[in-house]
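Dear colleague,

Here is the structure I promised to pass on to you. Please have it open while you read, since the notes below follow it from one part to the next.

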Amino acid sequence: MTDQLTPRSIGIPLARIDGGAKVTGTAPYAYDQQVEHPAYLHPVQATVAKGRIVDLDTTAAEALDGVVAVLTHRNALALQDIDDPELQVVLQSDRIAFRGQLIGGVIADRPEVALEGADLVRVTYEQEPHDAELSAERDDLYVPDDVSGFPTDTRDGDVAAALERAEATVQQTYTTPAEHNNPMEPHTTVATWDGDHLLLHTSTQGVHVVRSALAPLFGLETGQVRVVSPYVGGGFGSKGKPHAPAVLAALAARLVPGRPVKLALTRRQMFELVGYRTPTISRVRLAADHEGRLSAISHEVVEQTSTVYEFLEQTAVPSRTMYAAPNRLTTHRVARLDVPVPFWMRAPGECPGMFGPEVAMDELAEECGLDPVELRIRNDTQTDPDSGKPFSHRDLVGCLREGARRFGWDRRDPRPGTGREGEWLIGTGVASATYPGNTQQGTRVRIRFSDGRYVVQLGAADIGTGTWT
């Protein structure tokens, strides 16, 4: 770094302030924090999908040399009711809501001993029939109040009538699978209690979110909780809020006063405890004239949530604004299943929501005998179909044309399986997408000027995107 600040602009190479520490392995992530006399926590998880714990035998684990304590619902601190059931149910009863749910934890002097101790905990269950299968034919699908703050359903015109009159139609069902957050750095927490003050070194995308969620959970004022997250090794949305493991670490540290407790999820545990993208079922119907101009767009979605916590994706919302059509329908229906809690994952809602309609646009282009880029251009709009307001700026047509130019679209062979480069089959395709740019209030910045330099302090985590720099 130089003492003299130089003007920078987009496209000009800029040395990352944190780059040296990261490439040399000296950047301290949450689990790397040096604390005095740490204890290590390994979770105990449910091996059934639904039921209750009849007996939990910790005798063998407690007798293991190096085990400090075993945490269960029988000795865990009582948590307060907050507006986040995922957090407030951690070790608060004998109920099991999904396979992999946290039902305890072994605290030991070494991580290997904690792992061995967790394997020695014996659990007897009273199992109940569980339901974990998503289907659009279920008779218990419900209409949620909203989907991530958006209206659940929208209706304009008469889609059914437009389909009957249309010269070209597509009516298909598309599915997307569950997808799991698995950043390079797993979810980790180091919890330390000092009287009634809680210090958390945790891997998070939002320190303020963690503090505002956990403080009332433990009956504390926000000023009694400090959250430190100097480096984050990826998040993909899963680290946008605290999950049950962070609560488990704080509960464990409360059980062993004076000792910080370290918890790092294993790669396997990441699939059950920190959220995932819900699988989706999208029924898409398009109606158009022979020139490909849309007269109807219908996007009906089925997705899942857990019995513990309702998290919903706005899967059909992009279809409300992507292309113009006088007749439009979007709906969301939800199955509440005995599964882990879904959560944000990289463009939640919009990512799986764009898949079905864009494949349908390709199929409509084939039905109309049109180039799929041209079809999209013909259905562009400068007015938001959902709100009726003009876009301040929208250049989908420019993006499509520039992408086609750079990609050599005019030289493609549209027949499947015909493009080759040596031994490789080469396929080409096009898709449009949209994602909102939202702003919100909620952070404060401290700026000091001294000796010709500014010092800026704010509670923002750098998840690898260059916030520090």
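A good place to begin is tyrosine 174, which stands opposite serine 282 of strand 15. Please keep in mind throughout that this is a predicted model. Strand 15 (residues 280-288) pairs with strand 8 in the antiparallel sense, and nine bridges are found between the two.

Both strands belong to an open sheet of five strands, whose order is 7-17-16-15-8 and whose pairing is mixed. The edges of this sheet are formed by strand 7 and strand 8 (168-176), each of which pairs on one side only. On average, neighbouring strands of the sheet are turned by 10° against each other, if direction is ignored. Helix 9 (residues 350-368) packs on the sheet and touches strand 8, strand 15 and strand 16 (294-306), and the direction of helix 9 makes about 150° with that of strand 8.

Further pairing is found around strand 2 (residues 51-57), which is joined to strand 4 by two bridges, the two strands running antiparallel. Here arginine 52 has arginine 95 of strand 4 as its bridge partner. Strand 2 also runs antiparallel to strand 6, to which six bridges join it, and in that pairing glycine 51 has glutamine 127 of strand 6 as its bridge partner.

Arginine 95 leads on to the salt bridges, of which the structure holds 29. Arginine 95 forms one of them with glutamate 128, and the closest N and O atoms of this pair are 2.9 Å apart. Because arginine 95 lies in strand 4 (residues 95-96) and glutamate 128 in the loop between strand 6 (122-127) and strand 7 (154-156), the pair ties together parts that are 33 residues apart in sequence. As for accessibility, glutamate 128 is partly exposed, with a relative accessible area of 24%, and arginine 95 also counts as partly exposed, at 36% relative accessibility.

A salt bridge within a single helix is formed by arginine 405 and glutamate 402, which both lie in helix 11 (residues 396-407) and are three residues apart, or about one turn of the helix. Their closest N and O atoms are 2.6 Å apart. Arginine 405 counts as exposed, at 58% relative accessibility, whereas glutamate 402 is partly exposed, with a relative accessible area of 30%.

Two further cases may be of use when you go through the charged side chains. Arginine 411 forms a salt bridge with aspartate 410, with the closest N and O atoms 3.9 Å apart, and both arginine 411 and aspartate 410 are exposed. In addition, a network of salt bridges links Arg16, Asp18 and Lys22.

Finally, I would draw your attention to helix 7 (residues 244-255), whose twelve residues reach 17 Å from the first C-alpha to the last, close to the 16 Å expected at 1.5 Å a residue. Is this helix largely enclosed by the rest of the structure, or largely open? Ten of the twelve residues of helix 7 are buried, so helix 7 is largely enclosed by the rest of the structure. The buried residues of helix 7 include Pro245, Val247, Leu248 and Leu251, and among them are also Ala244, Ala246 and Ala249.

With best regards

Technical notes
Residues numbered from 1 in each chain as written. Predicted model: local features only at pLDDT ≥ 70, side-chain atom pairs only at ≥ 80, totals over all residues. Heavy atoms only, no water. Salt bridge = Lys/Arg side-chain N within 4 Å of Asp/Glu carboxyl O. Helix = DSSP H or I, 4+ residues; strand = E, 2+ residues; numbered from the N terminus. Buried < 20%, exposed > 50% of the residue type's maximum accessible area, 1.4 Å probe, protein only. Pairing = 2+ DSSP bridges. Expected span 1.5 Å × (residues − 1). Axes fitted to C-alpha atoms, helices over the stretch in contact; angles between N-to-C directions. Contact = heavy atoms within 4.5 Å.
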